[in-house]
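Trainee: Could you take me through one part of this model in detail? I would like to look closely at a pocket, then at a few other sites along the chain.

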Amino acid sequence: MADTALPKAMADLAVSKTKELKGTEKRDSLVEIEKKYQAKWQQDRVFEVDAPSIAEYPLGSISADELRQKFPKFFGTIAYPYMNGRLHAGHAFSFSKIEFYTGFSRMQGKRCLFPLGYHCTGLPIKASADKLVKEVEMFGQNFERYKEEEDAEELAAAVPAQKGAKEDLTKFSAQKGKAAAKTVKAKYQWQILHSIGIPLEEIHLFADPQYWLKYFPPECKKDLTNFGARIDWRRQFVTTDANPYYDAFVRWQMNRLKELDKIKFGKRYTIYSIKDGQPCMDHDRSEGEGVLPQEYTALKLKVLEWAPKAAEAIKGKIPEDASVYLCPATLRPETMYGQVCCFVGPALRYGVFKASEKEYFVITKRAARNMAYQGIFEKDGVPEKAVDIQGSDLIGTLVHAPLSFHPQVRVLPMETVLATKGTGVVTSVPSDSPDDYAMVTELAKKPEYYGIKKEWAELEIIPIIQTPTSDLLAPHLVKKLKIASPKDAKQLQEAKELAYKEGFYQGVMKVGDFKGEKVEVAKPKVREQLIKRGEAFAYAEPENKVVSRSGDECTVALLDQWYLDYGEESWRHIALEYVENKDGKGLETYSPDTRHAFKGVLDWLRQWACARTYGLGSKLPWDPTFLVESLSDSTIYMAYYTLVPWLHTDLFGRERGKGNIAPEQMIDEVWDYVFCRTQLSDELISKSGIPRETLEGMRRDFEYFYPLDVRVSGKDLIPNHLTFWLYNHIALFPREYWPRSVRANGHLQLNGEKMSKSTGNFMTLDDVVRKYGADAARVALADAGDGISDSNFVEDVADNTILRFYTNKEWIEETVKDEKLRTGPLNDFQDALFDNEMNALVHEARKHYEDTSYKLALKAAHYDFLNARDTYREACNAAGIPLHRDLVFKYIRLQALVLTPIAPHWAEYVWLEILGEKKSIHFALWPEVPAADPALTAAREYVRQTSSSINSAEAAQLKKMAKGRQSDFDPKKPKKLTVFMTEAFPAWQAKYVELLNEAWDPAANAQRIDDKELNGRIAKMGEMKKAMPFVQALKKRLRDGEPAQAVLERKLAFDEKKTLLAMVPGLKRTAGLESVQILVVEEGSKTARDLTDGGAEVDVKAPVAESALPGQPSFFFENV
C-alpha cells in the first residue's frame, strides 16, 4: 500500500492556528442527537417540497399569483459551489444565511424550496487535471519519486521573493474573493489535493477532469447534511455537458440570448492567457479576480536624432529607411498639447520591436507581449525584437511630440517609471501632471547630476486646460501641497487625484481644434484625431496583474469573439431601474451598501466574453468549437432547479425523472413553454413527444416557485455573477419572474484574522462541524455578523454554545420532572414579568429574522431567552417560591421554536423528546403570543435598572469610605438599604416635558424635528447638563412603546410602589441585607412615608433623598 503520510514539506504548511478543544463529552452527546435527527429528516423527506399539482388545481384554473397567495412559498438559493475542493467555513457562512432564511420561512407556513447544484464549468478543474497528468509523469502514480527536501528548499528560497512582490504596489494582490480563498502554498497540484485529505494512492485519478465531478459533489452533500442543511437533494445536478439535460438548458439560454441580440460577435479587448490560448475569465484566475482591460492611447513619438549610445546600439539592426517611435501610453490624450519632454526609466531594459517593415517601437517586453495580440504588429502573436536598449542610453534622444506646442522634445530620465505599467515610456505634461512638474523641476535644478543639458528641462510650460482653480493646475497643486521633490510620493498621489478629477470633470480646453469644449467631451475627439493622423494607436493591458490557473501571467488580446452585450443602454437602464427599486416593486437588497455596489457595477460593466475553447462546459450551439464560459452558464440555473425532479434523479442525468423525458426531447421550444415565454400548442406536443400533462406539470412547478425570493452570495460576486444573474433574468423572463431580492454578505474571518491555508488559520465546513457539532457551528455563524462588511467566526462562541446547549438541555430535562413546580394563577410580579418578557422576545426575534439580522435574532432567541429564564429563577428563589409549571413549559416550547431556524437539532430534541410532539419541529409554525404589555416591560426594565443601581450605589459609598469621606458604613457588618422614591417630578422639568410634547408625533411614534434642532432648543433653555439626560430618558420610554399620553403627562406605566415592595425579598437575599426600607419623599420636605411600615411618617436625613425621581429612586446604605 502507498504511504499516505503527509510529506514534511506539506506538513510544515499545514500547521493549524485554530483552537484546541480540551474535553468533548458534552459535544459528543449533542452530536449524537444531531446525527439521529439528520438521518430521520432524510428518511422522512422533510425538506422535499413540491408545488400544488395540476390534478389539484388544473393549469389555467387559477393564476400563478393566486396560487402563491393560496399556498405561500419561499424559494431561496446560494451561488452553487465550484467542485474543485471541499467547502470551507466561508462557504458555510453564506450557506447559513439561506439556511436561517429557509428555516424561518417554513415557520411562516410557506412551502420552502432550498435546492443545490454543483458548478463544474470552466478552466479550474481542467487546468488542475492537466497539471496532475504532468506530475504523475514526473513523480509516479503515487508520487513516490518526489523528493521533499528539494521542494522544501525551493519553498524556503521563495519566501523573500514573495515578500518583495507584496512591496511592489503596481502588482495586484487579491485580498479577497474566491481566487484568494483557494490559494495554498503548495508547489504541486497533488500536494493541494493531499492537504485536503485525499489519500496519495487516489490522487492520480484526478488527472481525469470527469473524476472531479464524481468525487467532490457527494463530499459537498455529506458536509451540508452534517451541517443540518434544509436542502431538497432531489434537485442536485452538475453543470457542463456531463449532464445532457443541463446542457440542453444552457444551449436554449444561449440561443435565445443570441436571438434577442444580447450575444454579439466582434473584436473586443479581453484578458487573455497566451499559454492557454484563450480568454482568462474571473473564475479561471489564481490572481487578479475582477481585473478588466485598461485601454490607453499609445502615442508615436518619432525619433529625430538618437542619443550617441542609442545610435550605436541600433546601428545595423534596423533598416536605414525605417522610422522608430517611442510609444508612451496615456489615459489623457487631450493634454498632449502641453508635452515638454518624454521620460524613460534609466534602469529599465527596452526593446526595439518591429511593428511593420518600416516601423519600429521602443517599448518594454511586457508591452510588446500585449501588443502582439491586439493587431498592432504586422505578425499577430509574434513580438519581433530587433535590439535591446538600456533606458539610460536613450537619454537625450530627440523625438517629435504630436500636437505639442514644442514639436521637438528630448528623452529625459525618470527613476519612478515602471516596467509593469503602460509601455515603460511616459510623455511629460507638467501643466496638468503633478508628477511631471515635480520631475522637470528637479531635472532643471540638477542637470549635471542627471547627465542632461539644463535647457532640455526648461521648455516653457504652456497652459492648455482652464479649471476653476487654475490654468496651470499641476504647478498650483505642487506648491499648495508643499511638494519638494519627486520622492514626495504620498503628496504627489494626492495631487494626481485632485488634478485628474478637476481637470477631467471641470476643465475646459484652452487650445487646439476643440478649444472651448469641456475636457470630458474633447478627450475622445483628440484621441480619434491622433489615431486618424497615424500619430497614435489604441493599446490595452490588464488594469493589474492577472495570473491564470495554469500559472500564466495574462495579457490583453483584441479578439473576434462571442460576447454578451452587458451595458447596452436600454438593457442597462431596465436593470438600473430595477435595482433602484423606487416603487418598492424592484430588487430588495437588504442593505444600502449592496444597492450602491450594484449601481456602481451597472455603471461600468460592459461586454463580457461568453465563450472559450478550453476547459469544461456546454458547446456554443451555433459554433461548437467554443464552450460557454463559466460565468455565462450560471446566471439563470435557479429556474432549472424547479424542473429537476421531472428530468432526472441523479447528478449526471443518466436516470430519467418522473416525466420520463429523454434529453433530446428538451428542445428549445419546450424550455420556452415551461418558463412561461410561450403558450402550449399541439405542434409542440407533437414535435417534442412530451405529453400535455407532463408539460403542464413542469410549467406549474416553475410558475409556482418562481420568482426567486432571495439569492444569497458573497459580496465579491456583485461585479460579475450577481449582475449577470440580474441582466439575464431581465432578458429571458417576464417581469413577474424577475428575482425579488439578493442578500450579499461580507467575507468571513476566523478568530479575528483572515482565513488562510498557508498560515494555518483555516477550517473546512467538515472541520468546523466535526469540532463543534452542527448547532454550535450554526450559532457561531449567526453570531459572526450580517452586513456587507467582513464578519468574524469566533471559535470560543461555538465552544461556549456547546456548554449552553448541554446545560440548558439538562436543566429542562430535570425541571420538567420537578413535582414542586407551582400551579394555579400566575402571580403579578415574578410570573407576570417573565411571561411578558418571553412574549416581547418572541416578537423581537421575529422582527430580526424578518430583517435577516441573524446576529440580533440569535441574541433575542437564545442569549436573552436564557437570561430571562435565569432572572426568573433567581427572582423566584429569592422570594422563596417555586417556578410556575405553566411558565416553565411555555419557556421550553418557545425556546425550542424561536431557535429552530438557527439550531434545529437541539430544538427538535426538545420538541419531540421532552415536549412529546408528534411531528418534526420543521413543520411547526412561529409561535403566536400576545403583544408585550408596555407597563410590564417598563416594570421589568425598572427592576433591572434598580438592581443595577443598588449595586452601583453601594460601590459608590465604599469608594467614599476608602477616601476617608465617610466612616459609618462597613459592608462586612449587618447592613440596611433605604430606597427613596418620589411620585412627583421636580418643577424645573415641566418646560422640557412641554417641549417634547411639541416635538413628538404620537401617531408615528417619532420626533417631528431632528435631534439637532431639539438639542439646540434645549440648550437655549439654560439647563443643558441636567435637562439632556432627562429628555433622553423620556424619549427612550416613548420609543420602547409606552403610551405617549402617560409619558408626557409624567406618569409611569407601572406602579412603582408596588414594584419596589415586590422586590424587597429578592433584594434582601441577593444583596445580603438585614432590612430594606422604602421611603416616599416629596420635594422640599424633611419627612417621608415608610411603605415598609404601613406609611408611617419618618424623618429624612440622607442627602441622596433629594435626587430621587419617579422611576429613578436613590439609595442609602448603613449598618444596623
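**The second largest pocket and beyond**

Mentor: The second largest pocket holds about 1,700 Å³ of space. Its lining counts 43 residues, and those closest to the centre are Lys421, Val426, Asp435, Gln493 and Lys496. Bear in mind that this is a predicted model.

Now the elements around the pocket. Three strands and two helices each supply at least two lining residues: strand E6 (293-299), strand E9 (329-330), strand E16 (425-428), helix H15 (434-445) and helix H18 (489-506). H18 gives the most, with 8 residues. By class, the lining of this pocket has 19 nonpolar residues, 12 polar and 12 charged.

Next, the domains. The domain assignment gives domain 1 (293-542), domain 2 (749-932) and domain 3 (964-1119). Taken over C-alpha atoms, the centres of domain 1 and domain 3 are 75 Å apart.

Turn to Asn370. It is found in helix H13, residues 365-371. Asn370 counts as buried because its relative accessibility is 2%, where the cut-off for buried is under 20%. A polar atom of the Asn370 side chain lies 3.1 Å from the backbone oxygen of Arg366. Beyond its neighbours within four places in sequence, Asn370 is in contact with Tyr539, Ala540, Glu541, Pro542, Thr555 and Val556.

Helix H28 is next. It runs over residues 765-772, and 6 of its 8 residues are buried, so the helix is largely enclosed by the rest of the structure. The buried residues are Leu765, Asp766, Val768, Val769, Lys771 and Tyr772. Two charged side-chain types, Asp766 and Lys771, are among them. What covers these buried residues includes helix H2 (25-43), helix H4 (89-106), helix H10 (209-226), helix H29 (774-784), strand E30 (791-793) and helix H30 (795-815). Just after H28 comes Gly773, with a positive phi of about 85 degrees.

Last, Asp968. This residue lies in the loop between helix H35 (934-962) and strand E31 (975-982). Asp968 counts as exposed because its relative accessibility is 52%, where exposed means over 50%. Its C-alpha atom is separated by 7.1 Å from that of Glu1118, although the two residues are 150 apart along the chain.

To recap the two single residues: Asn370 is buried, whereas Asp968 is exposed.

Conventions: Residues numbered from 1 in each chain as written. Predicted model: local features only at pLDDT ≥ 70, side-chain atom pairs only at ≥ 80, totals over all residues. Heavy atoms only, no water. 1 Å grid on protein atoms, 1.4 Å probe; cavity = no way out; pocket = protein on both sides within 12 Å on 5 of 7 lines; lining within 4 Å. Points joined across faces, edges and corners; volume = space filled by probe spheres on them. Helix = DSSP H or I, 4+ residues; strand = E, 2+ residues; numbered from the N terminus. Buried < 20%, exposed > 50% of the residue type's maximum accessible area, 1.4 Å probe, protein only. Polar contact = N/O pair within 3.5 Å; in protein donor to acceptor, adjacent residues only side chain to side chain. Contact = heavy atoms within 4.5 Å. Domains from an automatic or database assignment.
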